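Visitor: I should like to understand the terms used for a structure I have not met before. Would you take me through them one by one?

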Amino acid sequence: MTGRKVIMNFPVTATSHSLADYRARGGYQTLAKVLREMRPEQVTKEVVASGILGHGGAAFPAGRKWGVIKLNDEQPHYLCANADEGEPGTFKDRWILENAPHLLLESMLISAYALQVHHAFVYIRGEFDLPYRRLAAAVEEAYDGGYFGKALVGSDFACDIVIYRGAGSYVCGEASALITSIEGKKGYPRNRPPRLTVRGLYQRPTVINNVETLANVTAIVAQGGQAFRQIGTAKSPGTQLVSISGHVQRPGVYELEYGTPLAAFIEEDCGGVLGGGQLKCIVPGGISTKVLTAAEITTVTYDHASLTAAGSGVGSGGMVVIAEGTCMVRLLQILLRFYHHESCGQCTPCREGMGWMHRIIDRIVAGQGRPEDIEQLARISRANDGTTICGMGDAAGYATLGILAKYRDEFEYFIQHRRSKFDGRLEVEGPEAAHA
Amino acid sequence: MKHLVPEFDSMRRRYPAEATSSLVLPCLRRIQEDRGYVADEDIAELTAYLGVPRIQIEEVLAHYTQFRRKPIGLWHLQACRNLSCSMRGAERVIDHLCHKLGVQPGQTTADGRYTLSTVECLGSCGTAPVVMLNDAYLENMDATKLDALIAGLPT
C-alpha cells in the first residue's frame, strides 16, 4: 500500500547495518563509479534533475541549494548532515542512523565530491545513543575500508568526517543555529542573508541537508535524476520516511511513496486508531504543522501539494494520530510548554511570546481561564509570525492557530466550565486513561 | 581536565584546521563523562587549552540542557513529557517515579543514588513512553517495567 522503496529496501537483521552487509547489497559501488566517471557538476546536475525536496521540514529543493556552491572559489566548503532530529513526533532519521549508516556515509561522500567538500559533519542530537554508536562504528569501518581520508577509493579526492554531538537544544535543528553550534557556541540562529551556502560554517560556503535527503543521493546518482523522478508525484519526487506515533495501533517508521492515500495508510498499514477508537485528527508532519481533522484527510494523498492544499504540510514526516476523546486544550498545553522551554531567547517576540502563551494555557487548564484568553493566544500567534530570526516562534503560532480554529469549542467549554470537555484526557487506552 | 588533553589532541585530527572553536562542545562532553559535571577549574583549563573566550564556554554550559555544573545522582532517570509520550502514559510514569523515589523532577534522592528529570522529545515517539537511564533509552515503559529495572540496578 505504501508504494516503492528507496531507503527501506532491505531486510533489517542483526548485521544489516555493517559495512560487510552494505557492500553485499552493492554499497559504495555508486561512490566508486562517481569518482571514476563523473565530474562534480554532473553529480549536482543529477540531484537537480531528481527534483528532490528537503526532508527535514522546509521542503527546499536540494539541487537548488547545491547549485549555489561555486566549485572553484579557492576556499574550503563544508557539508553538514542534519541529524538533530528533535521536532516532536519525528524519529525517522534515527532509522537511517541505526539501520543504514553506510548509506548515509556513501551519500555524503558523493555529495562532498559534488560540492568539493573535504570536511563533512554529521550533527547528531546529544541524546541519541544507539544511533550515535552505530554511526560512529560505521565511520571507523569506512575509514578502515579506505572510504574516508586521503585518496579515497584510489582517487585523488580526500574527505574527512566528524560526528558532532549536540547537547540538548531543539533550536539547533535550525540550519544556522546548527552551524553556530558546530562552531562551539550556544545555538543561536543567524539572520539571513547571507545564505549559508554563501557564508556558513566558519564563514565558508556550507550545505546543510537533512539525513534522509542526503541518504537519497546514492539512489539518485545510481539510477539518474530523471529515473528517480518517476517515483512519487510530479511535484514531490521520491519517498518520505514517515514516523507515526500517538494513538495508533502500529506506530513506527514507514517509507511512503509520495502520492499514497493518507487515510488508507493510517487505517490499513498502521492498523488504525489504538484500541479500535475513532480518529479525531492528525498532526501530519511534526507538531509545528497544523492539525488536520479526520474529515479533512479523507481525500488527501501524502505529498506536498495535497497536504498544503488541505492547510498543513509534510513537515518533518512526524505524524501523530489523535483519537476521539482527547482533550485538545491539554494537548496544546504540552506543545506550548515545549516551545517555551526551547526558545533560545535571542528574539523578543519568541522569548516573551512563548512565555505568555504558556502562562495563558496553564491558566486555562488550572480552571482560571478568562474569556479573552482564546483571542490572546491567537493574537500572540499572529504577532510572532515573521518577526523572529528563525521559524520557531512562527511554528508555535501555526500549531496554536490550527488547534484553535478547529477545536475552539473545547477552549470555550474549558474556560466557561473550568474543566475539560474530555476529562483532560491525553491517553485513550490503559487502566487509568481517564485519570487526569 | 588536564589528563584528557592527549584525547583532545587526537580528536582534533579530523577537524579542519580553522575549527579550533568547534572543540568546545566535544571537550565539555568528555569532561562531563569523566567527572560527572563541569567544574570551575575545567572551564579555566579549557579556556586556556582552546584559546577561546571564557564567556563562550559559560554560554554553552548555560544554553545546552545536557551540561551540568553540579554533580547528580549515580542513576539519572530522564522521562520524556512531550506529546506522543504523554498520549501513551508518560504522565503516569512520571507520577510513579516521583512517588517511588520520593523526589520531584529536578531533584536527587538523599542517598545520592537517583536523579529524576523530565525532558522534551527524545525522538523515540514510536516506542512511547520513553525514559532515559543515564545514556540508554528505555522504551515502551510503564510502572511495572520501571520498578523491575530499578530493582535490578547494581548497588
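Guide: The following exchange takes up domains, contacts, cores and a sheet in this predicted model.

Visitor: What makes chain A a chain of several domains?
Guide: The bounds come from an automatic or database domain assignment. Chain A is divided there into domain 1 (19-228), domain 2 (239-323) and domain 3 (328-417). The C-alpha centres of domain 1 of chain A and domain 2 of chain A are 27 Å apart. Their contact takes 13 residues from domain 1 of chain A and 18 residues from domain 2 of chain A. On the domain 1 side, these residues comprise 5 nonpolar, 5 polar and 3 charged.

Visitor: How is chain B divided?
Guide: Chain B has domain 1 (2-63) and domain 2 (75-151). The C-alpha centres of these two domains of chain B lie 30 Å apart.

Visitor: How do you know that chain B and chain A touch?
Guide: Two residues are in contact if their C-beta atoms lie within 7 Å. The contact takes 41 residues from chain B and 50 residues from chain A. Elements of chain B that each supply at least two residues to its side include α2 (24-35) and α4 (54-63). That side of chain B divides into 20 nonpolar, 13 polar and 8 charged residues.

Visitor: What makes a set of residues a nonpolar core?
Guide: Its members must be buried residues of certain kinds, such as Leu, Val and Cys, joined through C-beta atoms within 7 Å. The largest such core has 157 residues, and A:C80, A:L104, A:Y123, A:I282, A:V321 and A:L335 touch the most other members. Helix α6 (residues 101-115) of chain A gives the largest share of this core, 10 residues.

Visitor: Which residues is A:L335 in contact with, leaving aside its neighbours within four places in sequence?
Guide: A:L335 is in contact with A:I287, A:A399 and B:L83. Apart from the largest core lies another of 15 residues, among them A:A167, B:C27, B:L28 and B:V38.

Visitor: Why are β6 (252-257) and β9 (292-293) of chain A said to stand at the edges of their sheet?
Guide: The sheet is open, with 5 strands in the order β6-β5-β11-β8-β9 (chain A) and mixed pairing. β6 and β9 of chain A each have a single partner strand, so one side of each is left without a neighbour in the sheet.

Visitor: What makes β8 and β9 of chain A a pair?
Guide: Two strands pair if at least two bridges are found between them. Strand β8 (residues 279-283) of chain A is joined to β9(A) by 2 bridges, and the two run antiparallel. The requirement of at least two bridges is therefore met. Within this pair, A:C281 stands opposite A:T293 in β9(A).

Terms used. Residues are numbered from 1 along each chain as its sequence is written. Chains are lettered from A and ligands numbered from 1 in the order in which they are written. This is a predicted model: local features need pLDDT of at least 70, side-chain atom pairs count only at pLDDT 80 or more; totals for chains, interfaces and linings use all residues. A residue is buried if 20 or more other C-beta atoms lie within 10 Å of its own, exposed if 12 or fewer, and partly exposed in between; C-beta atoms are placed from the backbone. Helices (H or I, at least four residues) and strands (E, at least two) are DSSP runs, numbered from the N terminus. Ala, Val, Leu, Ile, Met, Phe, Trp, Tyr, Cys and Pro count as nonpolar, Asp, Glu, Lys and Arg as charged, and the others, Gly among them, as polar.
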